[in-house]
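Please find below a colleague's note for a reader who is new to this structure. The points are best read with the model open.

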Amino acid sequence: MTTRHLLASLLAGMAFLGQAQGAMARPAEGTLGYPQRIALPEDALVVIEWRGPDGAVAGESRFATEGRQVPLPFTLDLPDGMDLSLRAAVFVAGRTAWLSDMAEIGAGDTPVAIGELRLTPFQPMGFDSVMQCGDLRLRIGFVGEDAVMELPGGERRVLSPAIAASGAKYAAADGPDTWFWSKGGTLALVSLAGRELPECFPVPPAPGPGFQAGGNEPFWMLRLDEGRISFTPNIGEDPVTAPLPAPRLDGSDFVFDAPEAALRLRLAPRICHDSMSGMPHPQTVTVTHDGQDYSGCGGALLDLLLGGEWVVEDIAGGGMIDAAHVTMAFTPARISGQGGCNRYSGSFTLTGEGLSFGPAAATRMACAPALMDQESRFFGLLPQVAGFDIDETGALLLLGADGVAMITARRGG
């Protein structure tokens with residue numbers, strides 16, 4: 001490769017990664033508050049997280065309250081030149097206790113006066129906290145004496161109290177090398193089948209419209225949001241509403257009983273395929289109302305794709321070159337990864353009917369011809385994707401219009 005070509009490749013890579021060396025920090029300040037007369041304990045922790053236009057986390061700030069009470073002032077250094085969505089949470093004993101609405105901040109380079117972010121009590125739907133463990137995000141909940149850990153894609157493990165020298169430890173009865181260990185305060189350690197993750201810290205729950213589910217014939221809808229249940233047995237009928245009760249565990253299923261509304265909800269962490277579109281959802285949902293069962297699918301399709309890196313293990317049935325590393329990582333609006341030789345990034349569109357990819361931008365490094373050919377086939381297949389599925393082994397299948405898998409990937413370990 002000539003010096004000129006090498007320089008062009010480096011410049012293309014820098015443009016692709018979007019790392020402008022001249023980017024400046026943008027000062028911002030505000031306060032956190034709530035009207036309730038409830039004191040924060042001395043070990044409360046504040047975490048403020050901001051996301052870019054694609055929904056990806058762009059940064060965070062955290063500080064201990066050290067006995068201080070609301071209003072709590074804060075100062076931040078935000079990236080300039082970018083629209084941001086900012087959210088704050090207060091954690092007590094590692095669990096989300098208070099959560100703010102999203103604050104939208106327009107792009108610019110002048111100081112930002114955010115004002116007061118109003119906090120409201122957090123109503124968990126089975127999960128008390130989201131934990132960031134390196135590049136992996138987990139959800140943790142506590143039901144009775146047990147802890148429930150949900151992995152990216154919806155796999156759920158029920159953990160029972162275990163003996164520990166300090167803190168609180170919970171381990172899987174069928175695999176003691178899978179455990180969650182709260183070390184006190186906000187730090188936690190996690191092991192998945194013997195693989196210990198980086199230290200885990202709590203982060204604010206991702207923004208979203210709450211939990212939604214539905215089914216066909218009849219066309220029913222369920223929504224769990226802001227501590228309320230809203231169930232519509234059929235389109236056009238009035239919804240049945242009730243306060244969201246605390247869940248109980250039945251195996252790894254969450255069960256919510258609301259006898260005052262003759263409702264029982266069962267949320268099972270099993271892949272469910274919509275009976276009309278065939279698209280996969282992370283949870284199988286059963287609603288029982290007045291003795292009648294309604295079956296369907298729940299949870300966001302995107303949850304099946306988020307949560308870490310996917311490593312491609314087959315392209316168009318041709319396998320992979322040994323030691324080739326082709327990856328995909330999803331944010332709420334973009335995909336990025338390694339094509340085997342070059343880094344790439346692009347957009348995707350996910351609806352209840354399918355999945356499609358936009359054009360990908362990539363660096364322009366040269367590699368061995370076989371690797372370049374494999375990368376070209378991978379990039380060429382992405383625009384042909386029409387849908388996706390998760391098979392019984394947990395592999396991600398990117399499907400063509402005929403429903404045949406063109407690309408197979410598995411979560412990186």
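The numbered points that follow take up model confidence, one sheet, and the aromatic side chains.

1. Confidence. This is a predicted model. The mean pLDDT of the protein is 91, and 94% of its residues reach 70 or more. Residues 1-22 should be read with caution, since pLDDT stays under 50 there. For this stretch the model has 13 contacts beyond four places in sequence.

2. The nine-stranded sheet. Nine strands form an open sheet with antiparallel pairing, in the order 21-20-19-18-28-27-24-23-22. Its edges are strand 21 (240-243) and strand 22 (248-250), each of which pairs on one side only. On average, neighbouring strands of the sheet are turned by 25° against each other, direction ignored.

3. One pairing within that sheet. Strand 18 (residues 211-215) and strand 28 (residues 292-298) are joined in the antiparallel sense over two bridges. Ala213 has Gly298 of strand 28 as its bridge partner. As a general matter, strands of a sheet pair through backbone hydrogen bonds, either parallel or antiparallel.

4. A ring pair between distant parts of the chain. The structure holds 13 aromatic pairs. One of them joins Phe127 and Phe254 edge-to-face, at 5.2 Å centre to centre and with 80° between the planes. Phe127 sits in the loop between strand 8 (112-121) and strand 9 (129-133), whereas Phe254 belongs to strand 23 (residues 253-258); the two are 127 residues apart. Are these rings buried or exposed? Phe127 counts as buried because its relative accessibility is 5%, under the 20% cut-off for that class. Phe254 is likewise buried, with a relative accessible area of 1%.

5. A ring pair between a strand and a helix. The ring centres of Tyr344 and Phe378 are 5.7 Å apart and their planes stand at 70°, so this pair is edge-to-face; the angle required is over 60 degrees. Because Tyr344 lies in strand 32 (residues 343-350) and Phe378 in helix 2 (residues 369-381), the pair ties together parts that are 34 residues apart in sequence. Both Tyr344 and Phe378 are buried.

6. Further aromatic features. Phe142, Tyr170 and Phe180 are linked into a cluster by ring pairs. Two lysines are also placed over ring faces. Lys169 lies over the face of Trp179, at 4.6 Å from the ring centre. Lys183 lies over the face of Trp181, at 3.8 Å from the ring centre.

Terms used
Residues are numbered from 1 along each chain as its sequence is written. Side-chain values use heavy atoms; hydrogens and water are left out. pLDDT is the predictor's confidence in each residue, from 0 to 100. Contact means heavy atoms within 4.5 Å. Two strands pair if DSSP finds at least two bridges between them. Helices (H or I, at least four residues) and strands (E, at least two) are DSSP runs, numbered from the N terminus. Axes are lines fitted to C-alpha atoms, for helices over the stretch in contact, and angles run from 0 to 180 degrees between N-to-C directions. Rings of Phe, Tyr and Trp (its six-membered ring) pair if their centres lie within 6.5 Å; planes under 30 degrees apart count as stacked, over 60 as edge-to-face and the rest as tilted. Buried means under 20% relative accessible area, exposed over 50%, partly exposed in between (1.4 Å probe, protein chains only). A charge sits over a ring if NZ of Lys or CZ of Arg is within 6 Å of the ring centre and within 35 degrees of the ring normal.
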